[in-house]
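Work through the exercises below with the sequence and model open. Try each task before reading its solution.

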Amino acid sequence: MTDATVVAGLGWPVAGGVVAIESATGERRSANGWPLISGTIDPTGGPSNLEREISVNAGDRPAEPAASTHVRSTADLADFAMSGSLADLDTPIAREAAVALMAVGRRTAPMPKPDQTRIMVVANQKGGVGKTTTTVNLAAALAVSGLRVLVIDLDPQGNASTALGIDHHAEIPSIYDVMVEETPIGEVVQKVEEIDGLWCVPATIDLAGAEIELVSMVARESRMRKSLDQHLQEPGVEYDYVFIDCPPSLGLLTVNALVGGDEVLIPIQCEYYALEGLSQLLKNIDMVRAHLNRDLAVSTILLTMYDGRTRLAAQVADEVRRHFGDTVLKTAIPRSVRISEAPSYGQTVMTYDAASSGALSYLEAAREIAERGASGSTHGETTHG
């Protein structure tokens with residue numbers, strides 16, 4: 001329709017460029033019946049559909065422009081998708097374009113292996129910020145890229161085990177046996193069937209009582225580190241990454257994880273309440289570093305549940321980036337129905353819908369983590385060998 005005009009902000013065609021008379025309700029409509037906003041524009045003279053969609057905001061003012069809103073070619077679109085959050089590409093056309101470009105170029109590219117095993121503790125005492133979701137999907141993203149990854153589920157709810165399709169009913173050997181009974185990790189670890197290169201140490205409901213049982217034990221804070229060190233030294237055991245999924249608390253289980261790890265990854269939900277209590281988590285990390293694990297470092301902060309249509313999400317993201325600088329990954333994880341649906345099928349989003357914006361975002365976040373580790377820019381992080 002080279003001679004047709006389109007409705008400003010909507011992109012709907014107006015047949016022959018003619019605007020129909022107002023309807024009985026006073027609403028202006030085109031000859032085709034499409035509702036109009038305020039006249040028409042020439043499609044060659046105005047912004048593209050993608051630009052118009054990016055500018056739409058659910059609030060009471062236009063959204064702030066992205067880093068590059070003038071997208072004229074596929075190369076520009078690729079740059080745009082990489083420079084900003086995929087959360088901003090939540091329209092069908094924009095998302096599908098980004099999917100096509102990224103799935104071909106980025107998903108197939110291998111990720112660099114670290115020199116030694118990186119042990120990352122995913123912690124935040126606030127619930128509902130995406131700790132488990134982040135743990136399993138980053139682990140899956142690294143594994144599908146050819147790396148060997150172990151997930152340790154240290155949350156009594158066992159959600160990470162569920163997402164990875166691992167049985168974790170009461171009779172299953174689990175991390176409880178490792179922490180309390182000193183069972184070797186090698187006897188409880190399970191292979192994730194859906195993904196090559198991914199293993200899981202499950203959690204059962206028995207772990208809920210472990211906090212009380214650990215109180216009277218010798219070296220109660222370092223039982224995780226001892227077990228993990230022994231496992232990594234066993235013949236034939238080789239992991240590139242170990243992720244420890246913590247419960248939403250600052251109790252003995254979380255302390256054990258912090259003592260057993262080298263890096264802390266903190267998921268932060270892009271909402272105001274998510275920032276409250278973060279200072280207490282950082283204080284606890286400092287205490288663990290001072291008294292129990294001097295090599296511990298906060299190496300990564302990941303923004304989750306990012307909604308690019310809201311000002312609050314952008315404000316929270318800006319505040320976190322201003323305070324923590326390069327520790328914050330450039331990639332933010334958008335709100336995604338696919339991410340939420342995947343655990344109900346015993347899958348990560350990487351296998352449930354690998355072309356979704358959520359899967360691609362976690363893939364990009366995993367790539368950032370891998371590239372930072374390969375370049376040595378993990379903010380003072382050290383590794384177990």
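Buried means under 20% relative accessible area, exposed means over 50%, and partly exposed lies in between (1.4 Å probe, protein chains only). Helices (H or I, at least four residues) and strands (E, at least two) are DSSP runs, numbered from the N terminus. The model is predicted: local features need pLDDT of at least 70, side-chain atom pairs count only at pLDDT 80 or more, and totals for chains, interfaces and linings use all residues. Residues are numbered from 1 along each chain as its sequence is written, and side-chain values use heavy atoms, with hydrogens and water left out.

**Exercise 1. The sheet**

Task: Give the order of the strands in the open sheet, and find which strands stand at the edges.

Solution:
- Step 1. Fix the pairing rule: two strands pair if DSSP finds at least two bridges between them.
- Step 2. Read off the order: 7 strands run β8-β9-β7-β10-β6-β11-β12, with mixed pairing.
- Step 3. Look for strands with a single partner. These are β8 (190-191) and β12, so one side of each has no neighbour in the sheet.
- Step 4. Check the β12 edge. Strand β11 (residues 263-269) runs parallel to β12, joined by 7 bridges. One bridge pairs Q269 with T304 of β12.
- Step 5. Check the cover of β12 (residues 297-304): 8 of its 8 residues are buried.

**Exercise 2. Strand β10**

Task: Which residues of β10 point one way, and which the other way?

Solution:
- Step 1. Sort the side chains. Y241, F243 and D245 point one way; V242 and I244 point the other way.
- Step 2. Add burial: 5 of the 5 residues of β10 are buried.
- Step 3. Take the β6 partner. Strand β6 (residues 118-122) is parallel to β10, with 5 bridges. V121 stands opposite I244, and I119 has V242 as its bridge partner.
- Step 4. Take the β7 partner. Strand β7 (residues 149-153) also pairs with β10 in the parallel sense, over 5 bridges. Here L150 stands opposite V242.

**Exercise 3. A buried acid**

Task: D245 is buried; what is its nearest side chain of opposite charge, and how many Å away is that?

Solution:
- Step 1. Place the residue: D245 is found in β10 (residues 241-245).
- Step 2. Set the charges: Lys and Arg count as positive, Asp and Glu as negative, and His and the chain ends are not counted.
- Step 3. Set the salt-bridge limit: a side-chain nitrogen of Lys or Arg within 4 Å of a carboxyl oxygen of Asp or Glu.
- Step 4. Compare. K131 is the nearest side chain of opposite charge, at 6.3 Å, and D245 has no salt bridge.
- Step 5. List contacts (heavy atoms within 4.5 Å). Beyond four places in sequence, D245 touches residues including K131, T132, D153 and D155.

**Exercise 4. The nonpolar cores**

Task: Which residues have the most contacts inside the largest nonpolar core?

Solution:
- Step 1. Define the core: buried Ala, Val, Leu, Ile, Met, Phe, Trp, Tyr and Cys residues joined through side-chain atoms within 4.5 Å.
- Step 2. Name the residues. The largest core has 53 residues, and I152, L154, I175, I244 and I266 have the most contacts inside it.
- Step 3. Find the top contributor: helix α9 (residues 252-260) gives the most to this core, with 6 residues. Another core of 38 residues lies apart from it, with A143, L198, I339 and V349 among them.
- Step 4. Check α9: 9 of its 9 residues are buried.
- Step 5. Follow I244. Leaving out residues up to four places away in sequence, its contacts include V121, I152, L154 and A257.

**Exercise 5. Salt bridges**

Task: How many salt bridges does the whole structure hold?

Solution:
- Step 1. Count: the search finds 13.
- Step 2. Take E271 and R335, whose side chains meet at 2.6 Å, N to O. The pair links distant parts of the chain, 64 residues apart.
- Step 3. Grade their exposure. E271 is partly exposed at 32%, and R335 is partly exposed at 45%.
- Step 4. Take D295 and R294, with closest N and O atoms 3.4 Å apart. D295 is partly exposed at 22%; R294 is exposed at 70%.
- Step 5. Look for a network: salt bridges link R338, E341 and D353.
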